[in-house]
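Student: Could you take me through one part of this structure slowly? I'd like a close look at the surroundings of ligand 2.

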Amino acid sequence: MDLATKPATPTAIATDASTVSTAAEPSRAPQEIDGFQLVIDALKLNDIDTVFTLPGIPITDLTRRSQAGGLRVLAFRHEQNAGYAASIAGFLTQRPGVCITVSAPGFLNGLNALAHATVNCFPMILISGSSEREVVDLQQGDYEEMDQLAIAKPVAKAAYRVLHADDIGVGIARAIRAAVSGRPGGVYLDLPAKLFAQTIDAETGKKTLIKVVDPAPKQIPAPDAVKRALELLKGAKKPLIILGKGAAYAQADADITALVEKSGVPYLPMSMAKGLLPDTHEQCASAARSFVLPAADVVMLIGARLNWLLSHGKGKTWGGKGSKDWGGQKFIQLDISPQEADSNVRIDAPVVGDIGSCVSALLAGMNANEGANWPKPPAEWLSAVADKKQGNVAKMAETLAKNPTPMNFHSALNVVRDIIKANPDAMLVNEGANALDFTRSIVDMYKPRKRVDVGTWGIMGVGMGYCVAAAVTTKQQVIAVEGDSAFGFSGMEVETICRYNLPVCVVVMNNNGVYKGTDVDPTGRDPAPTVFVKGARYEKLMEAFGGVGVVAATPAELRSAMEEAIRSKRPTLINAVIDENAGTESGRITSLNPAAAKKKS
Ligand code: ADP
Ligand code: TZD
Ligand code: MG
């Protein structure tokens, strides 16, 4: 920001990065260390190697000096996208993703992602610079004045403020511990501008830093809880396992596979748990979802909550008669949060602990009791699931084989499905309504933590932030399947993707609008609220920054464009032209639309 236009206060000038012409450290006695450096050193000491940010007062120099000090500093065009990037980096790495923003508006832009991290159980730290306490608390109108700590608290797992340079070590340590221990979540760390310029003796300062020992301690489940769960599972006639993104987060892939295979129980992956075992696994019951949920008698939830995404464990989805009726299932729930059990229906066998420890305790119990002879579920159940699956897979294959003009979601996603099959290490980012729901059901995943999407809230806007974080943290090719509306929320970050030259291929499923492109304003005055400029040329956005833009009107064109993107590793945006009639209102969650609910009642 230009000082001439800034309502400067003396303290703001003192910490204003625009007064510092280079990334060099400001002059001070050689034996002193300042707040900026203590923050950077504390992050590095705790193996945080990347920060997601957007510079400005008072954190410009924090970003410059972080970069000079060896951190990877990824600068975005909007803090919300930096925040989403940090949140998914946390999910992928089990280390808190760090987002650094300016005060008030920048902080508020980052807050959405902080809430998202908390709701999705992703470890993240939002660090925001803030104005001077004395002025904020008396509401005297400071530059970007806002009581940020108070605003962050309700959406954060924890929120802290550091006022003195010698407390920075403790502040960062507490933030890291809060983010990754127990149920992970978003943590807010408030750093007032004055703090960065404070200096203390360098030797003393170094001693105040804390390297967090065992930040996410194992939590071993109680033996009687494990025994209770195994007894329930063993007695089941129609057992089912549901894997959630908590299971994916836990990185206990081999034990989870062993547990599922040893039990012989059909399983359903929630969307971000897809690929924990390959979707093509014979026990995968995704293609028989609406059959297995109401039919199962014992359901084991592994890192999945019985929230709206699982119809709260009751109602018609689960075989209940009315929307609030319990379907009669018994539930086993493996979760790190002891409060999760009974949140929606009774949990008969809660197993509280980290997924890795819970799963290995169950496996040990199975081996101790029965050795290789742990009983498989009854054959009638397995064959009923297999039959249902086969029928649905055959129906889907028929639909996928059609080649309509213009393309619909199925014919386009049939291509994406092949591309992911051929490139199972690629990361898949996915958002939209139809663009989300069809991708989730059509595109098989083969490896853990390869699919990242709208998560627990079903939010639009995670797309390009996720792409940057996925590319940087995994070093793999990233493929994003984006609704045209969804893409618009973070579309400007294609510049960021080009700037860092990341191997990201964005496929915009362009059906001219939200759900469909066919609505009209009944008064004839304006475009309908769900409709965009028809035939929009999204690919030109990528070309504007030196990336590759392609229009794909047929599956063949889409296939060759995606193959070329993967071969070249260049930032690519493919404008996939989809029939504007192809979608349905709200995708698969039409029932949550109050208009639809009203029609029914
Ligand atoms: P999904 O949306 O895939 O169903 P949810 O986000 O609803 O998954 O559920 C994830 C669950 O996993 C949360 O209840 C959370 O407490 C739990 N969880 C997250 N990390 C771990 C872990 N390391 N060990 C055990 N449980 C975890
Ligand atoms: N705003 C935010 C932050 N999240 C949301 N989920 C919405 C608005 C509402 N919304 C959905 O739930 S899906 C969607 C919106 C605006 C966009 C659907 O259009 P699309 O996908 O083009 O992305 P399809 O393929 O046309 O259905
Ligand atoms: Mg659309």
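**Around ligand 2**

Tutor: Sure, let's start with a backbone contact: a backbone N or O atom of Tyr515 sits 3.2 Å from an oxygen atom of ligand 2. Keep in mind that this is a predicted model. The protein covers 76% of the 590 Å² of accessible area that ligand 2 has on its own. Which elements give two or more residues to the shell around it? Those are α18 (434-442) and α20 (484-490). Of these, α20 supplies four residues, the largest share of the shell.

Now zoom in on the residues themselves. There are 17 around ligand 2, and the ones that come nearest are Asn434, Gly458, Asp484, Ser485 and Ala486. Gly458 is worth a second look, since one of its backbone N or O atoms lies 2.9 Å from a nitrogen atom of ligand 2. Met460 also brings in its backbone, with an N or O atom 3.1 Å from a nitrogen atom of the ligand. What mix of classes do you get in this shell? Count nine nonpolar, seven polar and one charged residues around ligand 2.

For some context, look at the nonpolar cores too. The largest one has 90 residues, and Ile256, Ile302, Ile332 and Leu334 have the most contacts inside it. Take Ile256: leaving aside neighbours within four places in sequence, its contacts are Leu243, Ala247, Leu276, Leu277, Ile355 and Val359. There's also a second, separate core of 38 residues, with Ala179, Leu191, Ala202 and Leu209 among them. As a general point, nonpolar side chains tend to be buried together in soluble globular proteins.

Definitions and conventions
Residues are numbered from 1 along each chain as its sequence is written. Chains are lettered from A and ligands numbered from 1 in the order in which they are written. This is a predicted model: local features need pLDDT of at least 70, side-chain atom pairs count only at pLDDT 80 or more; totals for chains, interfaces and linings use all residues. Side-chain values use heavy atoms; hydrogens and water are left out. A residue is near a molecule or strand if one of its heavy atoms lies within 4 Å of it. A polar contact is a pair of N or O atoms within 3.5 Å; within protein, one must be able to donate a hydrogen and the other to accept it, and residues adjacent in sequence count only if both atoms are side-chain atoms. Accessible areas come from the Shrake-Rupley method with a 1.4 Å probe; for residues, only the protein chains shown count as cover. Ala, Val, Leu, Ile, Met, Phe, Trp, Tyr, Cys and Pro count as nonpolar, Asp, Glu, Lys and Arg as charged, and the others, Gly among them, as polar. A nonpolar core is a set of buried Ala, Val, Leu, Ile, Met, Phe, Trp, Tyr and Cys residues joined through side-chain atoms within 4.5 Å. Buried means under 20% relative accessible area, exposed over 50%, partly exposed in between (1.4 Å probe, protein chains only). Contact means heavy atoms within 4.5 Å.
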